[in-house]
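Hi everyone, thanks for coming. Please have a look at the structure on the screen, and then I'll walk you through a few places in it.

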Amino acid sequence: MAVAERSIGTSVLRKEDPELITGQGRYTDDLVLPGMLHMVVVRSPFAHARIKGIDASKALAMDGVVAVFTGRDLAGDWAGPLLMAWPVTEDIKNPPHWPLTPDVARHQGDGVAVVIAESRAGAKDAAEAVAVDYEPLPVVVDMDAALADRAPLVHEDIGTNKTYTWSLKNGDVDKVFAEAPVVVKERYVIQRAIPNPIEARAVIVEPSPAQGEYTIWSSTQIPHIVKVAMVVATGIAESKIRVIAPRVGGGFGSKLQVYAEEALCLLVAKKLGRPLKWVEERSENYLATHHGRDQIQVAELAADEQGKIRGFRFNIMVNMGAYLMIITPGTPLLGAFVYCGCYSGEAYEINFTGVFTNTTPTDAYRGAGRPEATYAIERVIEALARKVGKDPLEIRRMNFTPAFTEPTPMPGGLTMDSGNYDATLDQALDLVGYEEVRKEQQARRERGDATQLGIGFSTYLEMCGLAPSRVLKALNYAAGGWDAATIRLTATGKVQVIAGTSPHGQGHATTFAQIVADDLGVPFDDIEVITGDTTLAPLGMDTYGSRSLAVGGVAVHRATMKIVEKARKIAAHELEVSEDDLEYSSGTLSVKGAPDRAKTIPSLAWSAWTAHDLPDGMEPGMEETAVFDPSNFVFPYGAHICVAEVDTETGRVDIVKYVAVDDVGVVINPQIVDGQVAGGVVQGIAEALYEEAVYDKNGQLLTSSMTNYEVPAASDVPTITIGRGPGLPSNSNELGVKGVGETGTIASPPAVINAVIDALSHLGVTDVPRPASPENVWRTIRAARGGEGT
Ligand code: MCN
């Protein structure tokens, strides 16, 4: 029998693409149910206002309007507020977050009422006719102002805008800093970002009143978590709720959330006994979908005279916005352990202070905590290089943790799986043509060109594969971190993979099928991957933290190997040999030394299904489930180099070369991995150069649409040269894989900003605000030249 070609490691084309690129993907808004009603949310135009009264009479009198519900109308119907699953400290302030606020609107866009009508247009018109009597209250937007004495309080009843303080300390940090001959200290502002999925959010709820059952379609990354949160909010039994995430259209972390509209649709559909749809408009997405980032960081390094790092210390304020959503407080903690980057040191301290403001809540945004960590360390390491007069590459190399393939402790307190930081840097330098670029930079300097060249580095360390449940408990996260898969062989030898993670653009249907194709030796096209349905795939913890492969994919592999073990028993029985006499290769179990005496997996599946002659006591059928809870995270790492031209007259930045070398361990599908890296890099470049959510002092979002929130166009984006480094397998799982979904977003912002600073270093520039927009860069140059600056 021919040995099947290995699928893992090849760029098999994505199974999901023919449907998606021919416009046949079924997104939530494509779904139309008989008798379906439409919901529109009436949102507060004020960032902070008391709701004195709501008059819905005009709206109710309009054609096709079925109902209007205010926050007060529904107050008695909820079983509990929206779920916040990560109370990071015992004394965290977590005021209840109701799907519609009954009394006070706390950010622009806070929902105050819903209008239900026969058509979407009718509901929209009627929403405009709902008269809300607001009493504007003092607003606080800025974190420093929110923590000042007598600041307006976002939640009056808790008496403070400070949400929590969370700290992590390893070693004698104070002593190390007190004794170190060199200390650098810098302040960075990570601006707020607004996620922009291709499809904004959408929800449909179909009630089956006779059965008391509810099917929820939601454009979500986390159907399983949504289900639990719906139980908490509505009290409906878990067994009566089915959540389906159909085609999702991107999420970037913004759909790692349980939103008010999901709970509202469910409750109102239950009340009215009719299917109900809500679809978010883009302008609503800017106000009502959670935002990301928004930190003020004070970063310090203690070092010896040579620049060898001894201690790390970071004090960070994080803007929570107006409410704590599903993991708002925990999001910064996802980066807490990697503020040391790839570097060694004996003492480590990090302190986060969460702050309430009258702004849209923040939560996970691709990278979630780790882009912020990487930005802090990859900027402050440059400050250290300047302070001790060393080349930024030299300072990095002398502080890298030496190459390792066995579990190795890091200053942040965790244990890393594998890494060779010099190797990824060497490859990146090679790919960028480092010597040539430096020469070109020098030539431009000497000529005094208006357009200067800068080279920026980011040698980053990520932790992902969010899982070990015991670690999550130690961090006070409410849920576990395992994931699950079921493999079912049909009688005719086809394979169904039922996975607990669900994709929103990552290509799980392809990569999971590749794993199974190799494990079972069945054709790739015979494998169907089923995801995103809590009834079909009841076990799952969903997709975020680049965990789907390193946790869920490993569960797929484990379930498949259980199938092989069952098949081995049947083969031994049929071939009348002992199990030990069989060897397994590419879907065939054959007798050692007699390769012609063999059974294939599909034929054994048929035997298991007919059950005519199974070993005594064996259950018929061929279906196995595995649940994987890894003992450690995985730690991708790498080196990104950005070469940028900066026009010193206009402040315009153009990226002319971008190299991304990311070691993600064993790669299942190189093309998908390249796509993930490229998409992530573009997102990071956008944060570095273009995107910024801006509020005025009244809490009005000034960047409230794509016309003034600059999402990059394809023409703004450079060609990204991709490398993989040494490809050291992870020892956290038997596939040797690490995650890739966030590497690019985590690594790229400091590479870009360091490049801009490097281009202007001859002017004495050591900092540029994010985003490095033409205006910000121009002001920086002007200030450096002695004019008025930022
Ligand atoms: N993969 C692989 N080999 C590896 C690592 C991964 O072939 N060594 C494949 C995986 O099998 C999977 C894909 O690459 O098909 C991404 O895998 P993984 O790194 O496990 O990440 P997740 O699937 O868990 O995706 C989550 C991650 C996050 S957190 C965000 S946010 C994100 C992202 O991925 N948002 C995205 N990628 C996105 N891609 C798109 N198109 N849209 C988004 O919204």
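So, how do the residues of the shell around the ligand divide into nonpolar, polar and charged? There are ten nonpolar, 17 polar and four charged residues. Here Ala, Val, Leu, Ile, Met, Phe, Trp, Tyr, Cys and Pro count as nonpolar, Asp, Glu, Lys and Arg as charged, and the others, Gly among them, as polar.

Before we go on, a word on the model. This is a predicted model, where local features need pLDDT of at least 70 and side-chain atom pairs count only at pLDDT 80 or more, while totals for chains, interfaces and linings use all residues. Residues are numbered from 1 along each chain as its sequence is written, and side-chain values use heavy atoms, with hydrogens and water left out.

Back to the ligand. Of the 31 residues around the ligand (a heavy atom within 4 Å of it), the ones that come nearest are Gln506, His508, Thr511, Gln676 and Val740. We also see polar contacts, meaning pairs of N or O atoms within 3.5 Å. One ligand oxygen is 2.7 Å from a polar backbone atom of Gly251, and a ligand nitrogen is 2.8 Å from a polar backbone atom of Val666. The protein covers 95% of the 840 Å² of accessible area (Shrake-Rupley method, 1.4 Å probe) that the ligand has on its own. Helix 18 gives the largest share of the shell, three residues; helices here are DSSP runs of H or I with at least four residues, and strands are runs of E with at least two, numbered from the N terminus.

Next, helix 10. Its 19 residues, 370-388, should span 27 Å at 1.5 Å a residue (times one less than the number of residues), and its end C-alpha atoms are 27 Å apart, which agrees. In helix 10, 17 of the 19 residues are buried, that is, under 20% relative accessible area with a 1.4 Å probe and protein chains only. Just after helix 10, Gly389 takes a positive phi of about 70 degrees.

Now to Lys277, in strand 12. Is Lys277 buried or exposed? Lys277 counts as buried, because its relative accessibility is 5%. A polar atom of its side chain lies 2.8 Å from the backbone oxygen of Asp29.

Last stop: Gly412, in the loop between strand 16 and strand 17. Gly412 is buried too, with a relative accessible area of 1%. Its contacts (heavy atoms within 4.5 Å) include Leu168 and Tyr348, leaving aside neighbours within four places in sequence.

Conventions. A polar contact is a pair of N or O atoms within 3.5 Å; within protein, one must be able to donate a hydrogen and the other to accept it, and residues adjacent in sequence count only if both atoms are side-chain atoms. Buried means under 20% relative accessible area, exposed over 50%, partly exposed in between (1.4 Å probe, protein chains only).
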